[in-house]
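Me: I have a structure open and would like to learn how to read it. Could you walk me through it step by step?

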Amino acid sequence: MFKKVLIANRGEIALRVIRACRELGIATVAVYSEADRESLHVRFADDDVCIGPAPARDSYLKIPRIIAAAEIAGADAIHPGYGFLAENAEFAETCAASNIAFIGPTADQIRVMGDKAAARNAMTKVGVPIIPGTPGPMEDAEEALICAREIGFPVIIKAAAGGGGKGMRVATEPDDFVRSFQLARSEALSAFGNGDVYVEKYLARPRHIEFQIMGDRHGSVIHLGERDCSVQRRHQKLIEEAPSPGLTPELRAAMGDAAVKGAKAIDYVGAGTMEMLLNDDGKFYFMEMNTRIQVEHPVTEMLTGVDLVKEQILVAAGEKLSLTETPAYRGHVIECRVNAEDPARNFQPSPGRLDVFHPPGGPGVRLDTHVYTGYVVPPYYDSLIAKLICQGRDRSEALRRMQVALESFVVEGVTTTIPFLARVMANKHFQAGEVDTKFLERETDLLREPA
Ligand code: ADP
(Lines give C-alpha, C1' and ligand atoms only; values in the text may rest on other atoms or scores of the structure.)
Protein backbone atom coordinates (compact mmCIF):
# COMPACT_ATOMS: atom_id res chain seq x y z
CA MET A 1 0.00 0.00 0.00
CA PHE A 2 1.06 3.59 -0.53
CA LYS A 3 2.84 5.38 2.29
CA LYS A 4 2.08 8.97 1.34
CA VAL A 5 -0.41 10.40 -1.16
CA LEU A 6 -0.16 13.90 -2.60
CA ILE A 7 -3.51 15.44 -3.49
CA ALA A 8 -3.15 17.57 -6.62
CA ASN A 9 -6.30 19.54 -5.94
CA ARG A 10 -8.06 21.94 -3.58
CA GLY A 11 -11.47 22.52 -2.00
CA GLU A 12 -13.89 19.86 -0.88
CA ILE A 13 -12.43 17.08 -3.05
CA ALA A 14 -8.98 17.54 -1.50
CA LEU A 15 -10.57 17.07 1.94
CA ARG A 16 -12.53 14.10 0.68
CA VAL A 17 -9.34 12.37 -0.48
CA ILE A 18 -7.50 13.22 2.74
CA ARG A 19 -10.28 11.51 4.72
CA ALA A 20 -10.05 8.34 2.64
CA CYS A 21 -6.25 8.25 3.06
CA ARG A 22 -6.54 8.68 6.80
CA GLU A 23 -8.95 5.78 7.06
CA LEU A 24 -6.47 3.66 5.15
CA GLY A 25 -3.59 4.81 7.37
CA ILE A 26 -1.85 6.66 4.53
CA ALA A 27 -0.08 9.99 5.13
CA THR A 28 -1.09 12.97 2.97
CA VAL A 29 0.50 15.96 1.26
CA ALA A 30 -1.55 19.02 0.31
CA VAL A 31 -0.47 21.39 -2.43
CA TYR A 32 -1.86 24.89 -2.47
CA SER A 33 -1.75 28.19 -4.31
CA GLU A 34 -1.07 31.46 -2.54
CA ALA A 35 -4.84 32.08 -2.55
CA ASP A 36 -5.47 28.86 -0.60
CA ARG A 37 -3.02 29.35 2.24
CA GLU A 38 -5.86 29.36 4.80
CA SER A 39 -7.66 26.37 3.32
CA LEU A 40 -8.71 23.38 5.35
CA HIS A 41 -7.02 20.90 3.03
CA VAL A 42 -3.71 22.51 3.96
CA ARG A 43 -4.52 22.28 7.65
CA PHE A 44 -5.72 18.67 7.56
CA ALA A 45 -2.90 17.17 5.49
CA ASP A 46 0.22 15.83 7.19
CA ASP A 47 2.45 17.89 4.90
CA ASP A 48 1.89 20.84 2.59
CA VAL A 49 3.72 22.53 -0.25
CA CYS A 50 2.93 25.90 -1.84
CA ILE A 51 3.03 25.48 -5.62
CA GLY A 52 2.60 29.02 -6.87
CA PRO A 53 0.37 32.04 -7.30
CA ALA A 54 -3.44 32.04 -7.35
CA PRO A 55 -4.23 31.47 -11.04
CA ALA A 56 -4.61 27.72 -11.64
CA ARG A 57 -2.36 27.81 -14.70
CA ASP A 58 0.48 28.98 -12.41
CA SER A 59 -0.19 26.46 -9.63
CA TYR A 60 -2.73 23.59 -9.76
CA LEU A 61 -2.09 23.05 -13.48
CA LYS A 62 1.73 23.18 -13.31
CA ILE A 63 2.84 19.58 -13.73
CA PRO A 64 6.56 20.09 -12.91
CA ARG A 65 5.72 21.90 -9.65
CA ILE A 66 3.37 19.17 -8.51
CA ILE A 67 5.86 16.42 -9.33
CA ALA A 68 8.59 18.38 -7.53
CA ALA A 69 6.31 18.79 -4.50
CA ALA A 70 5.69 15.03 -4.45
CA GLU A 71 9.40 14.33 -4.62
CA ILE A 72 10.27 16.82 -1.89
CA ALA A 73 7.54 15.49 0.41
CA GLY A 74 8.31 11.86 -0.39
CA ALA A 75 4.87 10.97 -1.78
CA ASP A 76 4.64 7.65 -3.63
CA ALA A 77 1.23 8.34 -5.20
CA ILE A 78 -0.82 11.29 -6.47
CA HIS A 79 -4.59 11.62 -6.38
CA PRO A 80 -5.72 14.21 -8.94
CA GLY A 81 -9.31 14.72 -7.69
CA TYR A 82 -11.56 16.14 -10.42
CA GLY A 83 -10.92 19.08 -12.75
CA PHE A 84 -7.38 20.54 -13.04
CA LEU A 85 -5.06 17.67 -14.11
CA ALA A 86 -7.44 14.77 -13.45
CA GLU A 87 -7.94 13.98 -17.13
CA ASN A 88 -4.54 15.02 -18.39
CA ALA A 89 -2.79 12.04 -19.99
CA GLU A 90 0.56 13.81 -19.95
CA PHE A 91 0.28 14.23 -16.18
CA ALA A 92 -0.47 10.54 -15.70
CA GLU A 93 2.57 9.73 -17.86
CA THR A 94 4.82 12.13 -16.00
CA CYS A 95 3.80 10.55 -12.69
CA ALA A 96 4.68 7.10 -14.02
CA ALA A 97 8.01 8.35 -15.39
CA SER A 98 8.79 9.81 -11.96
CA ASN A 99 7.97 6.54 -10.20
CA ILE A 100 4.87 7.98 -8.58
CA ALA A 101 1.60 6.06 -8.85
CA PHE A 102 -1.21 8.00 -10.51
CA ILE A 103 -4.47 7.19 -8.73
CA GLY A 104 -6.57 6.84 -11.83
CA PRO A 105 -6.66 5.03 -15.17
CA THR A 106 -3.71 4.67 -17.54
CA ALA A 107 -2.59 7.53 -19.78
CA ASP A 108 -3.86 5.60 -22.81
CA GLN A 109 -7.31 5.18 -21.29
CA ILE A 110 -7.44 8.90 -20.50
CA ARG A 111 -6.37 9.69 -24.06
CA VAL A 112 -8.99 7.51 -25.79
CA MET A 113 -11.85 8.74 -23.64
CA GLY A 114 -10.60 12.34 -23.51
CA ASP A 115 -11.04 12.62 -27.26
CA LYS A 116 -14.80 12.47 -27.70
CA ALA A 117 -14.49 11.49 -31.37
CA ALA A 118 -12.04 8.64 -30.55
CA ALA A 119 -14.29 7.52 -27.70
CA ARG A 120 -17.27 7.31 -30.06
CA ASN A 121 -15.27 5.06 -32.38
CA ALA A 122 -14.14 2.83 -29.51
CA MET A 123 -17.75 2.43 -28.38
CA THR A 124 -19.08 1.75 -31.89
CA LYS A 125 -16.58 -1.10 -32.24
CA VAL A 126 -18.10 -2.95 -29.30
CA GLY A 127 -21.69 -2.17 -30.19
CA VAL A 128 -22.44 0.49 -27.58
CA PRO A 129 -24.95 2.89 -29.18
CA ILE A 130 -23.65 6.41 -29.84
CA ILE A 131 -25.61 9.52 -30.79
CA PRO A 132 -25.95 9.61 -34.61
CA GLY A 133 -23.22 11.86 -35.97
CA THR A 134 -20.15 12.24 -38.14
CA PRO A 135 -17.73 9.30 -37.95
CA GLY A 136 -14.88 11.58 -36.88
CA PRO A 137 -13.73 15.20 -36.74
CA MET A 138 -14.71 17.38 -39.71
CA GLU A 139 -12.60 20.19 -41.14
CA ASP A 140 -14.58 21.56 -44.03
CA ALA A 141 -17.76 23.46 -43.12
CA GLU A 142 -19.56 22.66 -46.38
CA GLU A 143 -18.81 18.96 -46.07
CA ALA A 144 -19.93 19.06 -42.46
CA LEU A 145 -23.16 20.74 -43.60
CA ILE A 146 -23.87 17.83 -45.92
CA CYS A 147 -23.42 15.45 -42.96
CA ALA A 148 -25.58 17.69 -40.76
CA ARG A 149 -28.42 17.53 -43.30
CA GLU A 150 -28.18 13.75 -43.33
CA ILE A 151 -28.20 13.60 -39.52
CA GLY A 152 -31.14 16.02 -39.49
CA PHE A 153 -31.41 19.39 -37.71
CA PRO A 154 -31.02 20.47 -34.98
CA VAL A 155 -27.42 19.29 -34.56
CA ILE A 156 -24.75 19.98 -31.97
CA ILE A 157 -21.17 20.80 -32.95
CA LYS A 158 -18.81 19.50 -30.29
CA ALA A 159 -15.13 20.00 -29.61
CA ALA A 160 -13.43 16.60 -29.50
CA ALA A 161 -11.33 17.86 -26.58
CA GLY A 162 -14.21 19.69 -24.86
CA GLY A 163 -15.33 19.29 -21.26
CA GLY A 164 -17.09 20.98 -18.38
CA GLY A 165 -20.00 22.01 -20.57
CA LYS A 166 -17.69 24.03 -22.80
CA GLY A 167 -16.96 23.62 -26.50
CA MET A 168 -20.49 22.90 -27.73
CA ARG A 169 -22.66 24.83 -30.17
CA VAL A 170 -26.18 24.01 -31.28
CA ALA A 171 -27.18 24.70 -34.89
CA THR A 172 -30.95 24.66 -35.29
CA GLU A 173 -31.09 25.09 -39.06
CA PRO A 174 -28.87 24.82 -42.14
CA ASP A 175 -28.65 28.63 -42.45
CA ASP A 176 -26.71 29.13 -39.24
CA PHE A 177 -24.66 25.96 -39.55
CA VAL A 178 -21.56 27.16 -41.42
CA ARG A 179 -21.06 30.14 -39.13
CA SER A 180 -21.59 28.03 -35.99
CA PHE A 181 -19.22 25.38 -37.31
CA GLN A 182 -16.45 27.87 -37.93
CA LEU A 183 -16.98 29.54 -34.57
CA ALA A 184 -16.93 26.15 -32.84
CA ARG A 185 -13.64 25.28 -34.50
CA SER A 186 -11.91 28.50 -33.53
CA GLU A 187 -13.33 28.37 -29.99
CA ALA A 188 -12.14 24.78 -29.61
CA LEU A 189 -8.67 25.73 -30.77
CA SER A 190 -8.33 28.63 -28.35
CA ALA A 191 -9.97 26.87 -25.38
CA PHE A 192 -8.46 23.39 -25.70
CA GLY A 193 -5.50 23.84 -28.06
CA ASN A 194 -7.20 21.41 -30.45
CA GLY A 195 -9.61 22.60 -33.13
CA ASP A 196 -11.16 19.20 -33.89
CA VAL A 197 -14.96 19.26 -33.87
CA TYR A 198 -17.58 16.75 -34.91
CA VAL A 199 -21.31 16.95 -35.45
CA GLU A 200 -24.04 14.91 -33.81
CA LYS A 201 -27.82 14.91 -33.56
CA TYR A 202 -29.13 17.33 -30.95
CA LEU A 203 -31.72 15.49 -28.89
CA ALA A 204 -34.76 17.57 -27.96
CA ARG A 205 -35.53 16.52 -24.39
CA PRO A 206 -33.04 13.93 -23.18
CA ARG A 207 -32.27 12.85 -19.67
CA HIS A 208 -28.62 12.80 -18.67
CA ILE A 209 -28.04 9.38 -17.11
CA GLU A 210 -24.60 8.22 -16.11
CA PHE A 211 -23.26 4.99 -14.66
CA GLN A 212 -20.52 4.80 -12.05
CA ILE A 213 -17.83 2.38 -13.17
CA MET A 214 -15.06 0.76 -11.14
CA GLY A 215 -12.41 -1.48 -12.65
CA ASP A 216 -9.29 -3.15 -11.29
CA ARG A 217 -6.10 -4.56 -12.77
CA HIS A 218 -7.36 -8.11 -12.32
CA GLY A 219 -9.89 -7.82 -15.13
CA SER A 220 -12.94 -6.91 -13.08
CA VAL A 221 -15.17 -4.06 -14.31
CA ILE A 222 -18.52 -3.38 -12.65
CA HIS A 223 -21.01 -0.55 -12.40
CA LEU A 224 -22.37 0.84 -9.14
CA GLY A 225 -25.64 2.18 -10.41
CA GLU A 226 -26.78 5.24 -12.24
CA ARG A 227 -27.12 8.92 -11.45
CA ASP A 228 -29.68 11.14 -13.12
CA CYS A 229 -28.06 14.53 -13.74
CA SER A 230 -30.72 16.13 -15.89
CA VAL A 231 -31.09 19.36 -13.91
CA GLN A 232 -28.45 21.51 -15.61
CA ARG A 233 -27.65 25.07 -16.50
CA ARG A 234 -25.50 25.75 -19.54
CA HIS A 235 -24.85 22.00 -19.89
CA GLN A 236 -23.48 21.88 -16.33
CA LYS A 237 -25.00 19.78 -13.57
CA LEU A 238 -26.75 21.35 -10.57
CA ILE A 239 -28.71 18.48 -9.01
CA GLU A 240 -28.08 14.73 -9.25
CA GLU A 241 -30.11 11.82 -7.95
CA ALA A 242 -30.28 8.05 -7.91
CA PRO A 243 -32.07 5.88 -8.79
CA SER A 244 -33.24 7.81 -11.83
CA PRO A 245 -37.02 8.37 -11.75
CA GLY A 246 -36.95 7.94 -15.54
CA LEU A 247 -35.68 4.35 -15.74
CA THR A 248 -37.61 1.12 -15.80
CA PRO A 249 -35.77 -1.95 -14.43
CA GLU A 250 -35.33 -3.18 -18.03
CA LEU A 251 -33.85 0.09 -19.24
CA ARG A 252 -31.58 0.26 -16.17
CA ALA A 253 -30.28 -3.22 -16.90
CA ALA A 254 -29.73 -2.48 -20.60
CA MET A 255 -27.95 0.81 -19.94
CA GLY A 256 -25.87 -0.70 -17.14
CA ASP A 257 -24.80 -3.55 -19.42
CA ALA A 258 -23.83 -1.10 -22.16
CA ALA A 259 -21.85 1.00 -19.66
CA VAL A 260 -19.88 -2.01 -18.43
CA LYS A 261 -19.33 -3.27 -21.97
CA GLY A 262 -17.94 0.12 -23.01
CA ALA A 263 -15.58 0.32 -20.04
CA LYS A 264 -14.46 -3.28 -20.53
CA ALA A 265 -13.65 -2.51 -24.15
CA ILE A 266 -10.69 -0.47 -22.93
CA ASP A 267 -9.94 -2.66 -19.86
CA TYR A 268 -10.78 0.31 -17.70
CA VAL A 269 -9.00 0.62 -14.36
CA GLY A 270 -10.16 2.86 -11.51
CA ALA A 271 -13.25 5.03 -11.07
CA GLY A 272 -14.92 6.36 -14.19
CA THR A 273 -18.30 7.46 -15.42
CA MET A 274 -20.11 6.44 -18.56
CA GLU A 275 -22.33 9.37 -19.47
CA MET A 276 -25.35 8.66 -21.61
CA LEU A 277 -28.36 10.50 -22.94
CA LEU A 278 -31.75 8.86 -22.74
CA ASN A 279 -34.05 10.17 -25.44
CA ASP A 280 -37.79 10.67 -24.87
CA ASP A 281 -38.43 7.72 -27.22
CA GLY A 282 -36.66 5.36 -24.78
CA LYS A 283 -33.47 5.03 -26.85
CA PHE A 284 -30.18 5.66 -25.07
CA TYR A 285 -26.79 6.67 -26.37
CA PHE A 286 -23.24 6.83 -25.05
CA MET A 287 -22.11 10.45 -24.81
CA GLU A 288 -18.70 10.37 -23.17
CA MET A 289 -16.67 8.76 -20.43
CA ASN A 290 -15.15 10.77 -17.60
CA THR A 291 -11.97 9.06 -16.47
CA ARG A 292 -11.90 10.33 -12.89
CA ILE A 293 -13.89 10.60 -9.68
CA GLN A 294 -16.79 12.98 -10.23
CA VAL A 295 -18.25 15.82 -8.21
CA GLU A 296 -21.45 13.81 -7.72
CA HIS A 297 -19.77 10.58 -6.53
CA PRO A 298 -21.30 10.88 -3.00
CA VAL A 299 -24.71 10.08 -4.52
CA THR A 300 -23.41 6.63 -5.40
CA GLU A 301 -21.59 6.28 -2.10
CA MET A 302 -24.81 6.86 -0.19
CA LEU A 303 -26.79 4.69 -2.59
CA THR A 304 -24.45 1.71 -2.29
CA GLY A 305 -22.48 2.19 0.91
CA VAL A 306 -19.20 1.88 -1.04
CA ASP A 307 -16.38 4.37 -0.43
CA LEU A 308 -15.37 5.11 -4.01
CA VAL A 309 -12.24 7.07 -3.15
CA LYS A 310 -10.92 4.24 -0.98
CA GLU A 311 -11.63 1.83 -3.85
CA GLN A 312 -9.69 4.12 -6.20
CA ILE A 313 -6.68 4.05 -3.91
CA LEU A 314 -6.81 0.27 -3.41
CA VAL A 315 -7.12 -0.38 -7.13
CA ALA A 316 -4.22 1.98 -7.92
CA ALA A 317 -2.12 0.03 -5.42
CA GLY A 318 -2.84 -3.13 -7.42
CA GLU A 319 -5.50 -4.64 -5.16
CA LYS A 320 -8.76 -6.19 -6.25
CA LEU A 321 -12.04 -4.31 -6.06
CA SER A 322 -13.70 -5.00 -2.72
CA LEU A 323 -16.90 -6.05 -4.50
CA THR A 324 -17.58 -8.24 -7.52
CA GLU A 325 -21.00 -7.07 -8.63
CA THR A 326 -23.37 -4.11 -8.57
CA PRO A 327 -24.43 -3.60 -4.95
CA ALA A 328 -28.07 -3.31 -3.91
CA TYR A 329 -29.46 0.23 -3.82
CA ARG A 330 -30.24 1.71 -0.41
CA GLY A 331 -33.31 3.86 -0.87
CA HIS A 332 -33.03 7.12 -2.77
CA VAL A 333 -30.36 9.85 -2.81
CA ILE A 334 -30.41 13.46 -4.04
CA GLU A 335 -27.45 15.82 -4.24
CA CYS A 336 -27.60 19.61 -4.56
CA ARG A 337 -24.53 21.58 -5.54
CA VAL A 338 -24.34 24.73 -3.46
CA ASN A 339 -22.46 27.39 -5.41
CA ALA A 340 -21.52 30.94 -4.49
CA GLU A 341 -23.41 32.21 -7.52
CA ASP A 342 -26.44 34.30 -8.36
CA PRO A 343 -29.00 32.32 -10.40
CA ALA A 344 -30.91 35.53 -11.22
CA ARG A 345 -27.77 36.88 -12.90
CA ASN A 346 -27.07 33.91 -15.11
CA PHE A 347 -25.26 32.14 -12.26
CA GLN A 348 -22.64 34.83 -12.04
CA PRO A 349 -20.02 33.93 -9.37
CA SER A 350 -20.34 35.70 -6.02
CA PRO A 351 -16.96 35.34 -4.30
CA GLY A 352 -16.24 36.90 -0.90
CA ARG A 353 -16.29 36.33 2.84
CA LEU A 354 -18.76 33.94 4.44
CA ASP A 355 -19.99 35.93 7.44
CA VAL A 356 -22.11 33.01 8.55
CA PHE A 357 -21.90 29.39 7.50
CA HIS A 358 -24.27 27.15 9.38
CA PRO A 359 -24.75 23.76 7.70
CA PRO A 360 -27.69 21.38 8.13
CA GLY A 361 -27.41 17.92 9.66
CA GLY A 362 -29.43 14.97 10.90
CA PRO A 363 -30.10 11.44 9.71
CA GLY A 364 -29.47 10.76 6.04
CA VAL A 365 -27.74 14.12 5.52
CA ARG A 366 -24.17 14.39 4.23
CA LEU A 367 -22.34 17.62 3.59
CA ASP A 368 -19.04 17.71 1.70
CA THR A 369 -17.48 21.13 2.07
CA HIS A 370 -14.23 22.95 2.65
CA VAL A 371 -15.70 26.24 3.85
CA TYR A 372 -16.47 27.67 7.30
CA THR A 373 -17.62 30.92 8.87
CA GLY A 374 -15.00 33.54 8.01
CA TYR A 375 -13.71 31.66 4.95
CA VAL A 376 -13.18 33.85 1.90
CA VAL A 377 -14.32 32.27 -1.37
CA PRO A 378 -11.56 33.21 -3.79
CA PRO A 379 -12.52 34.45 -7.26
CA TYR A 380 -9.99 32.25 -9.06
CA TYR A 381 -11.60 28.82 -9.01
CA ASP A 382 -15.02 27.28 -9.49
CA SER A 383 -17.69 28.51 -7.14
CA LEU A 384 -18.78 25.23 -5.52
CA ILE A 385 -18.86 25.78 -1.75
CA ALA A 386 -20.67 22.64 -0.61
CA LYS A 387 -22.40 19.50 -1.78
CA LEU A 388 -25.50 18.60 0.17
CA ILE A 389 -26.53 14.98 -0.18
CA CYS A 390 -29.72 13.57 1.33
CA GLN A 391 -30.84 9.98 1.49
CA GLY A 392 -34.24 8.59 2.29
CA ARG A 393 -35.94 5.21 2.22
CA ASP A 394 -37.68 6.38 -0.94
CA ARG A 395 -37.68 9.41 -3.22
CA SER A 396 -40.28 11.34 -1.28
CA GLU A 397 -38.37 10.96 1.99
CA ALA A 398 -35.09 11.99 0.32
CA LEU A 399 -36.80 14.98 -1.24
CA ARG A 400 -38.44 16.11 1.98
CA ARG A 401 -35.14 15.69 3.81
CA MET A 402 -33.45 17.86 1.19
CA GLN A 403 -36.12 20.54 1.59
CA VAL A 404 -35.69 20.62 5.37
CA ALA A 405 -31.90 20.64 5.02
CA LEU A 406 -31.96 23.53 2.53
CA GLU A 407 -34.31 25.51 4.77
CA SER A 408 -31.94 25.21 7.72
CA PHE A 409 -28.78 25.90 5.70
CA VAL A 410 -27.65 29.42 6.55
CA VAL A 411 -24.97 31.16 4.50
CA GLU A 412 -24.46 34.91 4.75
CA GLY A 413 -21.99 37.22 3.07
CA VAL A 414 -22.21 35.85 -0.46
CA THR A 415 -25.11 35.01 -2.76
CA THR A 416 -25.65 31.26 -3.02
CA THR A 417 -27.81 28.88 -4.99
CA ILE A 418 -29.56 27.62 -1.81
CA PRO A 419 -32.87 29.51 -2.31
CA PHE A 420 -32.91 28.47 -5.96
CA LEU A 421 -32.34 24.81 -5.04
CA ALA A 422 -35.20 25.02 -2.55
CA ARG A 423 -37.47 26.34 -5.31
CA VAL A 424 -36.50 23.43 -7.55
CA MET A 425 -37.33 20.96 -4.76
CA ALA A 426 -40.79 22.55 -4.51
CA ASN A 427 -41.39 22.47 -8.28
CA LYS A 428 -44.19 20.12 -9.28
CA HIS A 429 -42.34 18.71 -12.31
CA PHE A 430 -39.23 18.03 -10.28
CA GLN A 431 -41.34 16.45 -7.56
CA ALA A 432 -42.94 14.20 -10.16
CA GLY A 433 -39.49 13.23 -11.42
CA GLU A 434 -40.28 14.70 -14.82
CA VAL A 435 -37.05 16.41 -15.76
CA ASP A 436 -34.80 16.50 -18.77
CA THR A 437 -31.78 18.62 -19.63
CA LYS A 438 -34.04 21.48 -20.83
CA PHE A 439 -35.99 21.64 -17.56
CA LEU A 440 -34.46 24.94 -16.43
CA GLU A 441 -34.85 26.52 -19.86
CA ARG A 442 -38.60 26.00 -19.50
CA GLU A 443 -38.94 26.76 -15.79
CA THR A 444 -37.16 30.11 -15.86
CA ASP A 445 -39.26 31.39 -12.94
CA LEU A 446 -37.16 29.19 -10.68
CA LEU A 447 -34.15 31.42 -11.30
CA ARG A 448 -35.70 34.41 -9.52
CA GLU A 449 -36.93 35.06 -6.02
CA PRO A 450 -40.75 35.33 -6.29
CA ALA A 451 -41.88 38.96 -5.89
P1 ADP B 1 -18.91 17.97 -21.25
O2 ADP B 1 -17.82 17.02 -21.57
O3 ADP B 1 -18.56 19.39 -21.53
O4 ADP B 1 -19.52 17.75 -19.90
P5 ADP B 1 -20.98 16.39 -22.50
O6 ADP B 1 -20.70 15.76 -23.80
O7 ADP B 1 -20.89 15.53 -21.29
O8 ADP B 1 -20.05 17.67 -22.33
O9 ADP B 1 -22.41 17.06 -22.53
C10 ADP B 1 -22.87 17.85 -21.46
C11 ADP B 1 -24.34 18.14 -21.60
O12 ADP B 1 -24.62 18.75 -22.86
C13 ADP B 1 -25.24 16.94 -21.57
O14 ADP B 1 -25.56 16.51 -20.26
C15 ADP B 1 -26.49 17.46 -22.30
O16 ADP B 1 -27.26 18.29 -21.48
C17 ADP B 1 -25.88 18.33 -23.37
N18 ADP B 1 -25.68 17.58 -24.63
C19 ADP B 1 -24.52 17.07 -25.09
N20 ADP B 1 -24.72 16.43 -26.26
C21 ADP B 1 -26.02 16.55 -26.57
C22 ADP B 1 -26.87 16.10 -27.66
N23 ADP B 1 -26.38 15.41 -28.69
N24 ADP B 1 -28.19 16.38 -27.60
C25 ADP B 1 -28.71 17.09 -26.57
N26 ADP B 1 -27.98 17.54 -25.52
C27 ADP B 1 -26.66 17.27 -25.51
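Reply: Happy to! Let's begin with domains: their bounds come from an automatic or database domain assignment. Here the chain splits into domain 1 (4-103), domain 2 (132-201) and domain 3 (207-447). Taken over C-alpha atoms, the centres of domain 1 and domain 2 are 35 Å apart. This is a predicted model, where local features need pLDDT of at least 70, side-chain atom pairs count only at pLDDT 80 or more, and totals for chains, interfaces and linings use all residues. Residues are numbered from 1 along each chain as its sequence is written, and side-chain values use heavy atoms, with hydrogens and water left out.

Me: How many residues surround the ligand?

Reply: A residue is near a molecule if one of its heavy atoms lies within 4 Å of it. In this model 21 residues surround the ligand, and the closest are Gly-165, Lys-201, His-208, Gln-232 and Glu-288. Domain 2 and domain 3 each give at least three residues to this shell.

Me: Which strand supplies the largest share of the shell?

Reply: Strands (E, at least two residues) and helices (H or I, at least four) are DSSP runs, numbered from the N terminus. The largest share, three residues, comes from β6. Strands β6 (155-163), β7 (166-171), β8 (197-201), β12 (270-278) and β13 (284-290) each supply at least two.

Me: Which side chains have polar atoms that approach the ligand's oxygen atoms?

Reply: Look for polar contacts, pairs of N or O atoms within 3.5 Å; within protein, one must be able to donate a hydrogen and the other to accept it, and residues adjacent in sequence count only if both atoms are side-chain atoms. Among them, the side chain of Lys-116 has an N or O atom 2.8 Å from a ligand oxygen, and for His-235 the distance is 3.2 Å. Glu-275 places a polar side-chain atom 2.9 Å from an oxygen atom of the ligand. Taken alone, the ligand exposes 560 Å², and the protein buries 96% of that; such areas come from the Shrake-Rupley method with a 1.4 Å probe, and for residues only the protein chains shown count as cover.

Me: Is Thr-304 buried or exposed?

Reply: Buried means under 20% relative accessible area, exposed over 50%, and partly exposed in between (1.4 Å probe, protein chains only). Thr-304 counts as buried because its relative accessibility is 5%. Thr-304 sits in helix α10 (residues 297-304), and its side chain reaches the backbone oxygen of Thr-300 at 2.7 Å.
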